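Trainee: Got a minute? I'd like to go through this model with you.
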Amino acid sequence: FVCVKDILNRVVSALKQERSFKQVTLIESIPSHLPPLRVPSIDLEEIFFNLISNASQAMLEGGWLVIEAFLRRTPHKAICISFRDTGRGISLEALPYIFDPFYTGRPEEGGTGFGLYIVKRLVERNGGQITVKSQPHVGTTFTLVFPIR
């Protein structure tokens, strides 16, 4: 069992050293009373690291990253975690492919096309779901939903 807030703090602490993260204003809203998740900490760290890293790379000129978590009670108890950035967004043409292996929207910047593929696999392996909403030049929101067992 892991505490979402603890894992997030660990990942943010590590990422603060990254150059791309220096321009990002982080807003975090994660209640400390959330029930612990039944997800291996290494999986949650990898998920958070990839999503936050991608967001900061989409905001090289600066922007906001809002990370929120809450307990959803219906239809089934779950913890929802969203990562909303004010980055460049994802084009409508690219959106259906972002979770495919080897697909990258950033080949010139060294994107490998594995980060979001790994994120989706880890989320689903742990019984969760991931969704994405994006608007070019406005930003992107990834939402994770993990059931409480």
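Trainee: Where do the end C-alpha atoms of α1 sit relative to the expected span?
Mentor: They're 16 Å apart, and that agrees with the 16 Å that the 12 residues of helix α1 (residues 4-15) should span at 1.5 Å a residue. The expected span is 1.5 Å times one less than the number of residues, and helices (H or I, at least four residues) and strands (E, at least two) are DSSP runs numbered from the N terminus.
Mentor: Remember that this is a predicted model, where local features need pLDDT of at least 70, side-chain atom pairs count only at pLDDT 80 or more, and totals for chains, interfaces and linings use all residues. Residues are numbered from 1 along each chain as its sequence is written, and side-chain values use heavy atoms, leaving out hydrogens and water.
Trainee: OK, which residues of α1 are buried?
Mentor: Val4, Ile7, Leu8, Val11, Val12 and Leu15, with buried meaning under 20% relative accessible area (1.4 Å probe, protein chains only). They cover an arc of only 130° around the axis, so they're on the same side of α1; the arc is taken from the directions from the helix axis to the C-beta atoms.
Trainee: And what covers them?
Mentor: The cover includes β1, α2, β2 and β3 (78-85).
Trainee: New topic: how many bridges join β1 to β2?
Mentor: 6, between β1 (residues 24-29) and β2 (residues 63-72), which run parallel; pairing takes at least two DSSP bridges. From β1 the chain crosses through helix α2 (residues 41-57) to β2, and this β-α-β crossover is left-handed. Right-handed would be a clockwise path from the first strand over the helix to the second, with the strands pointing away from the viewer.
Trainee: What does Leu144 touch?
Mentor: Its contacts (heavy atoms within 4.5 Å) include Ile47, Phe48 and Ile81, not counting residues up to four places away in sequence.

Conventions:
Buried < 20%, exposed > 50% of the residue type's maximum accessible area, 1.4 Å probe, protein only.
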